[in-house]
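Work through the following exercises with the model open. Each task is followed by a solution in steps.

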Amino acid sequence: MTQVIYDSTFEGWLTAVFEIYELKLTDVVFAKNEVTNTLLFSETYFVTTDISKANRVLNGLKQRLSPEGFANIYRAFLSDLDKIEETLFQFVKYIFASSVNIEDDLANTFVLDVQRAAHLTGKESHRMKAFVRFKLTKDNLYYAIVEPDCDVLPLIEKHFKNRYADQRWLIYDSKRKYGIYYDLEDTSTVQLQFNAESTSAKFLAEICDDNEEFFQNLWRQYFSSVNIESRKNTKLHLQHMPKRYWKNLTEKIPNLNK
């Protein structure tokens with residue numbers, strides 16, 4: 001068994017796929033950034049990301065898949081599901097071994113698993129577009145902290161760039177320790193270590209604009225006013241807004257100044 005170590009990027013994984021074929025490696029498992037100790041008797045192969053090799057794999061896949069099927073590979077990769085790299089590799093092997101389009105062959109385990117992973121990422125990115133709540137800092141930066149199950153920042157970047165084109169903003173994924181920053185012209189990926197108390201009242205008072213708490217309270221009052229108690233449906237509410245999102249939603253954070 002060969003443990004293939006790559007840099008955790010999609011381009012790095014594509015490079016690994018190219019080199020696995022090139023070197024005719026068999027029985028491979030993937031690991032991000034460093035060797036794992038779970039495979040005591042495996043060989044180790046380190047991949048250096050090569051965009052030209054990654055593009056060759058992408059071009060081959062594009063010729064064999066529909067635009068939706070092609071996009072699903074990236075979405076599935078971003079799902080962060082356990083062993084998704086191995087699942088995608090088996091899916092890619094099936095694609096290259098077949099003379100026809102295989103993306104609708106749901107009897108194949110890998111085809112089905114990739115579709116499910118892609119659907120999961122798509123659903124999570126759709127939710128993030130609705131659940132991001134910005135706060136304004138004293139230096140006029142709007143920032144939001146999110147903790148999605150999937151790595152969806154690359155998928156929601158364009159949406160927020162178009163919607164908030166006239167203000168600087170940062171969306172930070174606290175689970176993966178990186179964010180996307182928009183400077184009124186372009187977006188870029190940034191690596192940050194946010195304060196562990198970044199949602200505490202003291203921390204917010206130190207960094208937030210003086211009017212921020214006032215507007216947050218207005219937002220809470222709005223949600224409270226539109227809530228019709230007689231029509232309350234907790235099960236449906238949790239279905240559309242699971243509790244795991246609540247800690248970063250303004251309307252779900254109590255007003256401590258009451």
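**Exercise 1: helix H2 against helix H4**

H2 passes H4 in a left-handed crossing, where left-handed is said when the near helix is turned anticlockwise from the far one by less than a right angle, and right-handed if clockwise. The model is predicted, with pLDDT of at least 70 needed for local features and 80 or more for side-chain atom pairs, while totals for chains, interfaces and linings use all residues. Residues are numbered from 1 along each chain as its sequence is written, and side-chain values use heavy atoms, with hydrogens and water left out.

Task: describe how H2 and H4 pack, and list the residues that meet.

Step 1. Two packed helices are described by the angle between their axes and the distance between the axes.

Step 2. For helix H2 (residues 51–64) and H4, the angle is about 60° and the axes are 10 Å apart. Axes are lines fitted to C-alpha atoms, for helices over the stretch in contact, and angles run from 0 to 180 degrees between N-to-C directions. Helices (H or I, at least four residues) and strands (E, at least two) are DSSP runs, numbered from the N terminus.

Step 3. H2 and H4 are therefore oblique to each other; angles under 35 degrees count as roughly parallel, over 145 as roughly antiparallel, 65 to 115 as roughly perpendicular and the rest as oblique.

Step 4. On the H2 side the residues are Val-57, Gly-60, Leu-61 and Arg-64, which meet Val-92, Ile-95 and Phe-96 in H4 (contact means heavy atoms within 4.5 Å). This contact of H2 with H4 divides into five nonpolar residues, one polar and one charged. Ala, Val, Leu, Ile, Met, Phe, Trp, Tyr, Cys and Pro count as nonpolar, Asp, Glu, Lys and Arg as charged, and the others, Gly among them, as polar.

**Exercise 2: helix H3 against helix H4**

Task: determine the relative direction of H3 and H4.

Step 1. The axes of helix H3 (residues 67–77) and helix H4 (residues 84–97) come within 10 Å, crossing at roughly 160°. H3 and H4 are therefore roughly antiparallel to each other.

Step 2. Ile-73, Ala-76 and Phe-77 of H3 make the contact with Ile-84, Glu-85, Leu-88, Phe-91 and Ile-95 of H4. By class, the residues of this contact of H3 with H4 are seven nonpolar, no polar and one charged.

Step 3. The crossing of H3 and H4 is left-handed.

**Exercise 3: the five-stranded sheet**

Task: trace the strand order and find the edges.

Step 1. The open sheet of five strands runs S4-S5-S6-S7-S8, with mixed pairing (two strands pair if DSSP finds at least two bridges between them). Its edge strands are strand S4 (135–136) and S8, each pairing on one side only.

Step 2. Strand S6 (residues 169–173) and S7 run antiparallel, joined by five bridges. Asp-173 has Tyr-178 in S7 as its bridge partner.

Step 3. Strand S7 (residues 178–182) also pairs with strand S8 (residues 187–191), in the antiparallel sense over five bridges. Here Tyr-178 stands opposite Gln-191 in S8.

Step 4. S7 and S8 form a hairpin with four residues between them, and Leu-184 in the turn has a positive phi of about 85°.

**Exercise 4: the three-stranded sheet**

Task: state which strands lie at the edges of the open sheet S2-S1-S3.

Step 1. This sheet of three strands has parallel pairing. Strand S2 (28–32) and strand S3 (43–46) are the edge strands.

Step 2. Strand S1 (residues 2–6) pairs with S2 in the parallel sense over five bridges, and Tyr-6 stands opposite Lys-32 in S2.
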